[in-house]
2 protein chains.
Amino acid sequence: MNEPVAPGRVGDVRRRNLSLVLDSIARTPDAKPSRAQLSAATGLTKAAVSSLVADLVESGLVSEVGLYRDGERGRPGVGLELSTRRGVVGMEINVDYLSAGLLDLGGTLRIHRTLESGNRGQSPESVMSLLAGLVSDVAAEASAAGIMLLGGGLAVPGLVDSAAGTVATAPNLHWHGVALQLDRLLPDAPFGTVLHNEANCAALAELWYGHGLDFRDYLFISGEVGVGGGLVIGSELFAGPRGQAGEVGHMVVEPSGPDCSCGGHGCLESFAGQEAIFAEAGIAPGAASERLARLGEHLASGDPAALTAVARAGHYVGIAAASTARLMNLSAVVLGGHFTQMGPWIAPAVVESLADYAPGVVSPARVAVSELGQSAALLGAAGIALRSVLASPFSLTTSG
Amino acid sequence: MNEPVAPGRVGDVRRRNLSLVLDSIARTPDAKPSRAQLSAATGLTKAAVSSLVADLVESGLVSEVGLYRDGERGRPGVGLELSTRRGVVGMEINVDYLSAGLLDLGGTLRIHRTLESGNRGQSPESVMSLLAGLVSDVAAEASAAGIMLLGGGLAVPGLVDSAAGTVATAPNLHWHGVALQLDRLLPDAPFGTVLHNEANCAALAELWYGHGLDFRDYLFISGEVGVGGGLVIGSELFAGPRGQAGEVGHMVVEPSGPDCSCGGHGCLESFAGQEAIFAEAGIAPGAASERLARLGEHLASGDPAALTAVARAGHYVGIAAASTARLMNLSAVVLGGHFTQMGPWIAPAVVESLADYAPGVVSPARVAVSELGQSAALLGAAGIALRSVLASPFSLTTSG
DNA sequence: CTATTTAGTTTTCAACCTGAACTATATTGT
DNA sequence: ACAATATAGTTCAGGTTGAAAACTAAATAG
């Protein structure tokens, strides 16, 4: 009950306004706004904006980029943009690969390296060592390009405790209750590295770089080995009480359904997880990516077993989405992960199921398939880091 | 995307700290803290607390209550408490009755009046007139007791838009898209009257005056004519994108289930709504309260039809709760509304169902039955108003 | 080349918290 | 009784901050 609410101090005002100005610059990536425009956009006086911008320029987060001349009368303003000489690193540990990438403050992915690596069952230490090597390559390249790294985000396919930097459970990696040495990855970055759930990262990537531009509230459902998800409410990720919300894979969609590895019955994952779809479609065992490709071929050639398998998965995804939409008053659904490859076949089944179980709640036009590729989680993790920098620029300021 | 984030001004600091101090006083209802204790609790200096308290006392929200002598050495502090001479009004429009009550700032329900009234199908204007009469009685009593009314909250069984003060749809009242004249109810109260959903109000009452003292995160499921609900996350109501989250009644719990009035199939309401339970239990038609009483008798006497009907409702409530708990990472469930009367029979079924479909997520000890009576929604509505006063005391201050 | 318009800076001022010194009022020990 | 001590609360100087308004800077229009 007794949350330690910090007292408001005079300095808080500046902290907030620094972030407000920085955010205003970030929201207009093309315009390169002048101080005067920022003053109008934020409601702060020109004097205040000047003072705040001076701090931001000094800290290196913002650059002046020549005159902003638009043919109008009067003195031209000086264009401002987020510095492209500051960046954050997005990282991903997945079952089959590791990856790391550099996102500059402007939101451009400047570097992206992937390393094939079978991580299932490997020790966290050895995987982290591999990742640290990959990251140091990226860091070296960034350094060569004159880009200073401020922080990073790491996406892991499992339930995580971001605050503690621990992985509670990552079934597909066979990790349980491991504390990751996040400090190793970016030892010099002032904001450090923060751990996040992979599906949540992908949901956020979708928000910032995908369909989030159209939808403010949606359920993101990501097919992987399991079925993960993320809830975006008001253009923000809903993380839940312990940061582990969005686990749509174990919603009950068929009370009389088969037993699930979680101990329950009739979970969505039993119908829409990779193994379930492959089995139903008659795809022989093998590497996941290869089986997925074969499923795609079967679908394209109209194979009935594949078509029914995917339609069944879509049907149950629709049921889970219908319940979620009703419960949380959501109006859109975005499909990601392996569902993207089945997009043309699974989306109609989801639409039909939604129309059947929750008519009028999610219109067909608001069932979308992600267009971000395999980099979604990495982009999301980097984006989280980027936004945490933009949210608290004060610490980089001389007085911070 | 472009949320109008207000710039931070110097005065915001005081606004926040006024609320912080007021909140600190509210959190210690028994202790009647001194300024020095508040200083320690909030982290503000004694000087700042003194200045803030002076404003709060002047505005009438806080009273000094004699010396705080605890046998220790040193000058005794002056006890502070939320004024019992300021209050808010909770109001409820339901199918069978209207009610209004006065909650003082200390959180004590001082007055509570109920008026039997068949409101189903009545015009909003006539119902509001009846309610306004009831409220003016309460206001007169408050005035006689020297209590100044600051604001009010009105609970209505339907989907509402609180900001606009409109009822989107209240099926059981037969209201659709009506704008309520909330200003009529408490014309002199500086904070006005705010409209809320009944189930959400009940969920909040549970939070503030019921099991919320034990649980920080839970799903509240309220059986009424329909099945409503409320999601409490981190001791706060999760309202959703348009303030209409928590509609657990239309989650899909049985894909092959019967058609529902919402247009879907297999909704929870089809199994756990009043009509469904009465029909299954073989309770003849009649007034709702009377049928509920008869159901209670049948249950107590061990009537098999009644027992299976309630067990079946509990089974499906458990499925919906399991899905919700998984999706949102919740760990507790509170049953309210008509489920309270069936508590001893329905709770075990819910527990069993949860253990079956989401083992280890919600422990049996965390399935609770509400102990608040019919006044839950009213208490919640009043509590919302009370908290909005405590959150923005600045407007009552001389400088506000 | 002056008037006008827009950008950005400087100056003055008020709000408000901190920190330290100070006053007020109690208990304890002799 | 009375000094010592401890705790509560107030007063006042100091520093940070943004608002408001005056001012400087730099462009275009005629």
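Which residue of chain B forms a salt bridge with A:Arg16? The partner is B:Asp12. The closest N and O atoms of this pair are 4.0 Å apart. The model is predicted, and this pair is a good place to enter it.

Start with the protein–protein contact. A:Arg16 and B:Asp12 make one of 2 salt bridges between chain B and chain A. Polar contacts add to the picture: 12 residue pairs are joined this way across the two chains, with both residues at pLDDT 80 or more. On the chain B side, four elements each supply at least two residues that touch chain A. They are α1, β12 (227-233), α9 (304-328) and α10 (343-357). The largest share comes from α9(B), with 7 residues. By class, the side of chain B that touches chain A has 26 nonpolar, 16 polar and 12 charged residues.

Now take the interface as a whole. Here 54 residues of chain B are in contact with 55 residues of chain A. Together the two chains bury about 5000 Å². Carbon and sulfur atoms account for 56% of that area.

Next, turn to the DNA. How many residues surround DNA strand C? There are 30. The closest are A:Lys46, A:Ser50, A:Arg75, A:Val78 and B:Arg14. Both chains are thus represented in that list. By class, the surface near the strand divides into 12 nonpolar, 9 polar and 9 charged residues.

Which part of the strand does the protein meet? Look at the atoms of DNA strand C within 4 Å of the protein: 72% belong to sugar or phosphate, and the rest to bases.

Three phosphate contacts can be followed residue by residue. At A:Val78, a backbone N or O atom lies 2.5 Å from a phosphate oxygen of DNA strand C. At A:Arg35, a polar backbone atom is 3.1 Å from a phosphate oxygen of the strand. Chain B offers a side chain instead: an N or O atom in the side chain of B:Thr45 is 3.1 Å from a phosphate oxygen.

Several elements give two or more residues to this surface. From chain A come α2 (35-42), α3 (46-59) and β2 (77-82). From chain B come α1 (10-26) and α3 (46-58). The largest share, 5 residues, comes from α1(B). Helix α1 of chain B therefore appears twice in this tour, since it also supplies at least two residues to the side that touches chain A.

Conventions:
Residues are numbered from 1 along each chain as its sequence is written. Chains are lettered from A and ligands numbered from 1 in the order in which they are written. This is a predicted model: local features need pLDDT of at least 70, side-chain atom pairs count only at pLDDT 80 or more; totals for chains, interfaces and linings use all residues. Side-chain values use heavy atoms; hydrogens and water are left out. A residue is near a molecule or strand if one of its heavy atoms lies within 4 Å of it. A polar contact is a pair of N or O atoms within 3.5 Å; within protein, one must be able to donate a hydrogen and the other to accept it, and residues adjacent in sequence count only if both atoms are side-chain atoms. Ala, Val, Leu, Ile, Met, Phe, Trp, Tyr, Cys and Pro count as nonpolar, Asp, Glu, Lys and Arg as charged, and the others, Gly among them, as polar. Contact means heavy atoms within 4.5 Å. Buried area is the accessible area (1.4 Å probe) that two parts lose on being put together, summed over both. A salt bridge is a side-chain nitrogen of Lys or Arg within 4 Å of a carboxyl oxygen of Asp or Glu.
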